[in-house]
Amino acid sequence: EAGMVFAGWGISAPELNYDDYAGLDVAGKFVLCFRGQPDRTDTRFYHYDEHRTRMKTAKDKGAVGLIYIYPSPISNPNGEWQKDFFPAMISEKIGDAILNEIGSTSAELKKALTAFKRPIGFPLKSVIRMKVEADYHPDGIGYNIAGYVEGSDPALRRDVLVIGGHFDHNGLHMGFLYPGADDNASGSATVMEIARAFAGLARKPKRSVVFVLFGGEEMGLQGSIYYADHPPAVFPKIDAMFNYDMTGAGDGAWGSTTEENLRKVFLEADRHVGILRGMRVVQGPPGVRGSDQASFRIKGIPVASVGANGPSLAYHETGDTIYRINPSIMGDIAKIIHPAAGIFDLSGSEDLVDSIIGIITRHPMKESDLVKTLKQFSPENVVETLKRLEESGRAQVIKRYGVRFWSAMPAFYPTNGTDPAG
């Protein structure tokens, strides 16, 4: 049981001439604050916007706990356990009830903090009574799940493209189940489907491709940090990392990358899928809300991240169930990465042709599905696919698809009335 002090963003950064705790006595009290920073574009504040940093700051100043004000409470497991320190989260509605004593609201205070970029803090009369029952397992061990397709080039097969997404979510919390269908069963399924397609390639990519489902992302990117720090000895060099997080909700996709050439790779791969609503190039250190690509980015490894455009209406809530998932958008996102990885492999059309072969021979397709698949690729690569199938003597594939290839081509390759085979 203790009183409260409102402390803005809960940041103390004197070297940046900013301190939400200036003039406040928080010893023996709860700190009430928002998640965020004075200027979201100022990368110098990223460290201070981490849960661990904010909580340690409050404890070092004598506070007994830290209470976040969020639009609505969400399950949020990241942050280190600290003895005799009590973090929690309340909704803006409850925050408004507390702030009523000063005649203000959560929205008004957040707007003022954002507009003026100066600290706002004051003691409150309200008292918090809190009881916490917690399990602490410092010896717990997390796991990553990995598989690989070995490269075909002896000079490059120890260089890898990592394709990954996090496999964990928040599980059971306070008696509620947090399913995490979008975050991140969707991304995990996307990675597994991409891996299945790569495994079916007749001609392997030059580089090896490692597929990883990371553990501990929700606890602070723990699995991907470990992998980036300890890559498998057989694959010591990571040339790039593609990340898939929350690929299941929406009607399009967003993307970001650290490299202009990777941006061009993804835009080219999306040329006939048409789901990318944007692929921006990001620079500087990763923000605190980054996904697993951040663990590779801080080591200077080129990264790209793709996710659905949402909205994610039940983020970290019990409503993140399969009923919010759009399977077709997951499939389209997977279709981008397959040719994108082939282009990144820098081995010309051959790997793209193998990508086509891997996709169309994995499962029987209706003609309409075949048309949709082939629309991703240029006419030259489609023609080369037929040649490759014929040369390899895969008569059963030619029999299954040969006629359909040519009957499908006029649907998306204008022929001006000429013979489509010509």
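Me: Is Glu268 buried, partly exposed or exposed?
Reply: This is a predicted model, and burial is judged by relative accessible area. Buried means under 20%, and exposed means over 50%. Glu268 has a relative accessible area of 38%. That value falls in between, so Glu268 is partly exposed.

Me: Which residue forms a salt bridge with Glu268?
Reply: Side chains of opposite charge can pair when their charged atoms come close. For Glu268, the closest N and O atoms of the pair are 3.2 Å apart. The partner has a relative accessible area of 42% and is partly exposed. That partner is Arg271.

Me: Which residues are joined into one network by salt bridges that share partners?
Reply: One salt bridge links the side chains of Asp49 and Arg54, at 2.7 Å from N to O. Both Asp49 and Arg54 are buried. Shared partners bring in Arg35 as well. The network is Arg35, Asp49 and Arg54.

Me: Which residue meets Arg44 in a salt bridge, and what is the N to O distance?
Reply: The partner of Arg44 is an Asp. Its relative accessible area is 16%, under the 20% limit, so this Asp is buried. The partner is Asp42, and the distance is 2.9 Å.

Me: How many salt bridges does the count come to?
Reply: A pair counts when a side-chain nitrogen of Lys or Arg lies within 4 Å of a carboxyl oxygen of Asp or Glu. Arg44 and Asp42 meet this limit at 2.9 Å. By this rule the count comes to 14.

Me: How many residues of strand E5 are buried?
Reply: Strand E5 covers residues 65-70. In a regular strand the side chains alternate between the two faces of the sheet. Here Gly65, Ile67 and Ile69 point one way, while Leu66, Tyr68 and Tyr70 point the other way, and all are buried. The number of buried residues is six of six.

Me: Which strand pairs with E5 over five bridges, and which over six?
Reply: Strand E4, residues 30-34, pairs with E5 in the parallel sense over five bridges. Phe34 has Ile69 of E5 as its bridge partner. Strand E6, residues 86-91, also runs parallel to E5, and Tyr68 has Met89 of E6 as its bridge partner. Five bridges belong to E4, and six belong to E6.

Me: Is the crossover from E4 to E5 right-handed or left-handed?
Reply: The two strands pair in the parallel sense. Between E4 and E5 the chain passes through helix H1, residues 51-60. This makes a β-α-β crossover, and it is right-handed.

Me: Which element supplies the largest share of the largest nonpolar core?
Reply: In soluble globular proteins, nonpolar side chains tend to be buried together. The largest nonpolar core here has 34 residues, and those with the most contacts inside it include Ile163, Phe211 and Ile333. Several elements each supply at least two residues, among them strand E9 (159-166), strand E13 (237-244) and helix H8 (327-344). The largest share, six residues, comes from H8.

Me: How many residues are in the other core, which lies apart from the largest nonpolar core?
Reply: The largest nonpolar core has 34 residues. Apart from it lies another core, with Phe6, Leu16, Ile69 and Ile90 among its members. Ile69 is also one of the buried residues of E5. The other core has 23 residues.

Me: Which residues form a nonpolar patch on the surface?
Reply: Together the residues of this patch have about 300 Å² of accessible area. One of them, Met192, sits in helix H4, residues 181-199. Met192 has 46% relative accessibility, so Met192 counts as partly exposed. The patch is formed by Ile145, Phe167 and Met192.

Me: Which peptide bonds are cis, with omega near 10°?
Reply: Most residues other than glycine have a negative phi, and most peptide bonds are trans. One cis bond leads into Asn184, which lies in helix H4. Another leads into Pro311, in the loop between E16 and H8. The bonds are Asp183 to Asn184 and Gly310 to Pro311.

Me: Where is Met246, a residue with positive phi that is not a glycine?
Reply: Phi of Met246 is about 60°. At a relative accessible area of 17%, Met246 is buried. Met246 is found in the loop between E13 and strand E14 (253-257).

Methods
Residues numbered from 1 in each chain as written. Predicted model: local features only at pLDDT ≥ 70, side-chain atom pairs only at ≥ 80, totals over all residues. Heavy atoms only, no water. Patch = residues over 30% accessible without salt bridge, like charges linked within 9 Å, V, L, I, M, F, W, Y side chains within 5 Å. Areas by Shrake-Rupley, 256 points an atom, 1.4 Å probe, with all protein chains shown as cover. Helix = DSSP H or I, 4+ residues; strand = E, 2+ residues; numbered from the N terminus. Buried < 20%, exposed > 50% of the residue type's maximum accessible area, 1.4 Å probe, protein only. Core = buried A, V, L, I, M, F, W, Y, C linked by side-chain atoms within 4.5 Å. Pairing = 2+ DSSP bridges. Right-handed = clockwise from strand over helix to strand, strands pointing away.
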